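Here are my notes on the model, set out as numbered points. Please read them with the coordinates open.

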Amino acid sequence: MTSPATACLLPGWLQELSITIDSLRVLSVSLCLRGEISHPVWYNRSMPSPFLPIEAPADEAALEELLSRPTSGLLATFAELEGDLLILGAGGKMGPTLARMARRALDEVGRRDQRVIAVARFSDPAVRAGLEAVGVAPVRADLTDRGEVAGLPEVPNVVFMAGQKFGTTDAPDATWHMNTYVPALVAERFAGSRIVAFSTGCVYPNVPVASGGSREEDPLGPLGDYANSCVGRERILTYFSRAQGTPMVLFRLNYAIDLRYGVLVDVAQKVLAGEPVDVTMGYVNVIWQGDAGAQALQCLAHASAPPLALNVTGPETVSVRVLAQRFGELFGREPRIVGTEAETALLSNAGRAHALFGYPTVPLDILIGWVAGWLSRGGRLLGKPTHYETRDGKY
């Protein structure tokens, strides 16, 4: 499927060729996975490089390059973007690669004078040093401190990623503080900016698997303190958007996949270790973190007041049982599956995002192969399980 951003740049005959190539690449990957050809004839028009590797990245440097590689849609957006970019909460799992991607995209479209500023506590000095090395300007700040938020530079573009999830059961007040008070400080401080605010699919209830997932217009039904605090974040931001006229996007993401963490890693680790895989939460949505990052940055061009809510994930409803079986095939061992799939699951329908940006550039089958390869060679992990199995909202 040709994305709107790509279509506007291509003549008609080339759009048709792009669609044909997309169909051929899907066929070639399927043949490869069935063992009928040794490797796919792979061309992906949504990525700057014409080739997407079938093998897992060899090391973290190669992984970081893939995660921060701008898509053609992002390049088209950033060719028109005016002003500096501020990323708040840039020290987490996704922030550093998103900052690198933004810097790469601006450089590639000739906007080297526009700054990418990454704000975090930077408790790990290596993260700060790594960002500095690629031209991102790191700023150390505590976003819970009103004075430090007030002292941040004035910019027209803000990506707000800060939040808290794990530990909520033991300290719910701390989660509410981070997920509702801090957004209020940010919304007040950057009233004149456009803001893309990370949220989560956890704002929805579990829905019937056959429903295709929750849509943005569906009623919210959060389970547990964490999910309720995320609805609180959205309500606070919506209030300030309406009151101040601040254009925003509520970026409801689930689940981003890096080879060092994510739902696929959680399932694959259990299969590889011979541990049971509980399939009660039987279905999930996933998306390559690089695609999620590119879509978040592209959302700067779609911010509105009141905010645009946007589900962001892959197009598939993914069976956890089938994931375990596939990893079992790749690892050469039988997965230990326990439980029975519930009739409901935490699922999102990302059709609105797909209409804006096209489908993700990295397909699910490639992600599965990458994760299996990464774990097989002992690639470093972050040790941060997603707890996707949770059905009661307690984290």
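1. Two strands count as paired if DSSP finds at least two bridges between them. With that in mind, look at leucine 85, whose bridge partner in strand 4 is asparagine 157. Strand 1 and strand 4 pair in the parallel sense, over four bridges. The model is a predicted one, and the points below should be read accordingly.

2. Strand 1 (residues 85-88) also pairs with strand 2 (residues 116-120), again in the parallel sense and over four bridges. Here leucine 85 stands opposite valine 116. Which residues of strand 1 point one way, and which the other? Leu85 and Ile87 point one way, Leu86 and Leu88 point the other way, and all are buried. Between strand 1 and strand 2 the chain passes through helix 5 (residues 95-108), and this β-α-β crossover is right-handed.

3. For the chain as a whole, the secondary structure comes to 14 helices and 15 strands. Of its 395 residues, 53% are buried. Among contacts between residues at least 6 apart in sequence, 80% join residues at least 24 apart.

4. Helix 5, the connecting element of point 2, has 14 residues. From its first C-alpha to its last it reaches 20 Å, close to the 20 Å expected at 1.5 Å a residue. Is helix 5 largely enclosed or largely open? Eleven of its 14 residues are buried, so helix 5 is largely enclosed by the rest of the structure. The buried set includes Arg100 and Arg103, along with Gly95, Pro96 and Leu98. After helix 5 comes glycine 110, with a positive phi near 80°.

5. Helix 9 (residues 224-244) has 21 residues and spans 30 Å from first C-alpha to last, close to the 30 Å expected at 1.5 Å a residue. Its buried residues are Tyr226, Ala227, Ser229, Cys230, Val231, Gly232, Arg233, Glu234, Leu237, Thr238, Phe240 and Ser241. An α-helix has 3.6 residues a turn, so residues three or four places apart point the same way. What do the buried residues of helix 9 pack against? Their partners are strand 4 (157-160), helix 8 (172-189), strand 5 (194-200) and strand 7 (248-253). Strand 4 is thus named here as well as in the pairing with strand 1.

6. Helix 9 is followed by glycine 245, which has a positive phi, near 75°. Proline 247 lies in the loop between helix 9 and strand 7. At 26% relative accessibility, proline 247 counts as partly exposed, because the partly exposed class runs between 20% and 50%. Not counting residues up to four places away in sequence, proline 247 touches Ser193, Arg194, Ile195, Ala303, Ser304 and Ala305. Proline 247 and alanine 191 are 56 residues apart in sequence, with their C-alpha atoms 8.7 Å apart.

7. The other loop to check is the one between strand 6 (207-208) and helix 9, where glutamate 216 is found. Is glutamate 216 buried or exposed? Its relative accessibility is 11%, so glutamate 216 counts as buried. A polar atom of the glutamate 216 side chain lies 2.8 Å from the backbone nitrogen of asparagine 311. Glutamate 216 also touches Tyr204, Arg252, Ala309, Leu310, Asn349 and Arg352, among residues over four places away in sequence.

8. The largest nonpolar core has 48 residues, of which Leu264, Val267, Trp288, Phe327 and Trp370 touch the most other members. Two or more residues each come from helix 3 (60-67), helix 9, helix 10 (263-273), helix 12 (320-331) and helix 14 (364-376). Helix 14 gives the most to this core, with nine residues. Apart from it lies another core, of 41 residues, among them Phe78, Met94, Ala294 and Leu310. Leu310 is also one of the residues that glutamate 216 touches.

9. The last item is lysine 394, found in the segment after helix 14. At 56% relative accessibility, lysine 394 counts as exposed. Lysine 394 and tyrosine 226 are 168 residues apart in sequence but 7.4 Å apart in space, C-alpha to C-alpha. Tyr226 is one of the buried residues of helix 9.

Notes
Residues numbered from 1 in each chain as written. Predicted model: local features only at pLDDT ≥ 70, side-chain atom pairs only at ≥ 80, totals over all residues. Heavy atoms only, no water. Expected span 1.5 Å × (residues − 1). Buried < 20%, exposed > 50% of the residue type's maximum accessible area, 1.4 Å probe, protein only. Contact = heavy atoms within 4.5 Å. Core = buried A, V, L, I, M, F, W, Y, C linked by side-chain atoms within 4.5 Å. Polar contact = N/O pair within 3.5 Å; in protein donor to acceptor, adjacent residues only side chain to side chain. Right-handed = clockwise from strand over helix to strand, strands pointing away.
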